[in-house]
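Q: Got a minute to go through a model with me? I'd like to start from how the parts are arranged.

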Protein chains: 2
Amino acid sequence: MFSKACEYGIRASIFIAEQSLLDCKVSLKDVADAIESPAAYTSKILQKLSKSKLINSDKGPTGGFSMDKTQLEQVKLSTIVYAIDGEAIYNGCGLGLKNCNASKPCPVHDQFKVIREELKKMLESTLVKTLAVDLEKGLTFLKR
Amino acid sequence: MFSKACEYGIRASIFIAEQSLLDCKVSLKDVADAIESPAAYTSKILQKLSKSKLINSDKGPTGGFSMDKTQLEQVKLSTIVYAIDGEAIYNGCGLGLKNCNASKPCPVHDQFKVIREELKKMLESTLVKTLAVDLEKGLTFLKR
DNA sequence: CTAATAATGGATAAATTTATCCATTATTTA
DNA sequence: TAAATAATGGATAAATTTATCCATTATTAG
Ligand code: FES
Ligand code: FES
């Protein structure tokens, strides 16, 4: 469904959000440990999220990654997915034709459209912060 | 969503189904031309579908790929996807944890489950033959 | 039986994605 | 100001996916 990079990105964001709700900054290592991901690769992904202003990053001692109030209120799953995987998931054709196009539809266009719209709606209506709250409550898990 | 191989596989199947409904066998080249895919790569995919008994293939002159009555009645999108991409799409975790597991759910488990179930239902309720009929009518397209 | 045809299978190659390494930069504390 | 810390950026490397090439096998028609 999503690329590995995107999966890591979502998991990392949820962890950072959780810790930010507890007023804690986290280091790259914290993140990699929490989501069980390769640190260096995760670093690249966090850089991308940071450049897209979805998370903050600070250098030096006391540095680390965090999300501020505004980010916590605004960053949705869709924001993350878009920043990492781009818009392919929204307007890509399910059978790989370039661009889904209703006026020259592929054989599964009608069926796919429904699913894709559901997915889109879901991603757009889910705040990372909300997921972080459940994580903090111990209801969900970032690794296994 | 699906791998390129799976996209080619679905498009190829629909084309073969369409031609089989018209009682025509098609060669590898016919398929690759019809779906605008690299022939040699497509060949590998068709071999896989053939070994899974989803399509027939015959060597020699008058050979080619085809689907018989039974295959046309039985092969669904889900059959193709399963043969090529495996079951990952059905029981894989949306965030990449190994196996979706409701008793130790990832943060998006509930949301994802809904989407995945929709997708599954859609794939399982769509016969390749049905898609082939619309293609034959000129209502849908395999390339663009 | 021969020649032509078309799929098959194995070996590679190219491209993309995922992952690692390390020197550099910015920041903080002592 | 020096030392320690943590992210950054660039260069590679490994792994996976996608794609190509070619010799072989099976089949058909002449
Ligand atoms: S054209 Fe293929 S999904 Fe719309
Ligand atoms: S555990 Fe992640 S989708 Fe079910």
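Q: Which residue of chain B comes closest to the rotation axis?
A: B:Met1 does, with its C-alpha at 2.4 Å from the axis. Keep in mind that this is a predicted model.

Q: What rotation superposes chain B on chain A?
A: A rotation of 180 degrees, with 0.0 Å of shift along the axis, and the RMSD is 0.0 Å. That is the relation of a two-fold axis.

Q: And how much of chain B's contact surface recurs in chain A?
A: 100% of the contact residues of chain B recur in chain A, so the same surface serves both copies.

Q: How many residues does each chain put into the contact?
A: Chain B gives 34 residues and chain A gives 34 residues.

Q: What area do the two chains bury between them?
A: Chain A and chain B bury about 3,500 Å² between them. Carbon and sulfur atoms carry 70% of that area.

Q: How many salt bridges across the interface?
A: The rule finds zero salt bridges between chain B and chain A.

Q: Polar contacts, then. How many residue pairs?
A: Ten residue pairs are in polar contact across the interface of chain B and chain A, both residues at pLDDT 80 or more.

Q: Which elements of chain B give two or more residues to that side?
A: Helix H1 (4–21) and helix H7 (109–124) of chain B. The largest share, six residues, comes from H7(B).

Q: What's the split by class there?
A: On the side of chain B that touches chain A there are 20 nonpolar, seven polar and seven charged residues.

Q: Switching to the DNA. Which residues come nearest to strand C?
A: A:Tyr8, A:Pro38, A:Pro61, B:Lys44 and B:Ser57 come nearest, out of 27 residues around DNA strand C.

Q: What part of strand C does the protein meet, backbone or bases?
A: Among the atoms of DNA strand C within 4 Å of the protein, 64% belong to sugar or phosphate, and the rest belong to bases.

Q: Where are the polar atoms on the chain A side?
A: A polar backbone atom of A:Lys4 is 2.9 Å from a phosphate oxygen of DNA strand C. A:Tyr8 has a polar side-chain atom 3.1 Å from a phosphate oxygen of that strand. For A:Lys59, a side-chain N or O atom is 3.2 Å from a sugar or linking oxygen of DNA strand C.

Q: Which elements give two or more residues to the surface near strand C?
A: From chain A, helix H1 (4–21) and helix H3 (39–51); from chain B, helix H3 (39–51), strand E1 (56–58) and strand E2 (64–66). H3(B) gives the most, with five residues.

Q: And the classes near strand C?
A: Ten nonpolar, ten polar and seven charged residues.

Q: OK, strand D. Which residues come nearest?
A: Of 27 residues around DNA strand D, the nearest are A:Lys44, A:Ser57, B:Tyr8, B:Pro38 and B:Pro61. Sugar and phosphate make up 64% of the atoms of DNA strand D that come within 4 Å of the protein.

Q: What distances do you have for chain B residues there?
A: B:Lys4 has a backbone N or O atom 2.9 Å from a phosphate oxygen of DNA strand D. A side-chain N or O atom of B:Tyr41 is 3.4 Å from a phosphate oxygen of DNA strand D. In B:Lys59, a side-chain N or O atom lies 3.2 Å from a sugar or linking oxygen of the strand.

Q: Which element gives the most to the surface near strand D?
A: H3(A), with five residues.

Methods
Residues numbered from 1 in each chain as written. Chains lettered and ligands numbered in written order. Heavy atoms only, no water. Contact = heavy atoms within 4.5 Å. Buried area = accessible area lost by both parts, 1.4 Å probe. Salt bridge = Lys/Arg side-chain N within 4 Å of Asp/Glu carboxyl O. Polar contact = N/O pair within 3.5 Å; in protein donor to acceptor, adjacent residues only side chain to side chain. Helix = DSSP H or I, 4+ residues; strand = E, 2+ residues; numbered from the N terminus. Nonpolar A, V, L, I, M, F, W, Y, C, P; charged D, E, K, R; others polar. Least-squares fit on C-alpha atoms with pLDDT ≥ 70 in both. Near = heavy atom within 4 Å.
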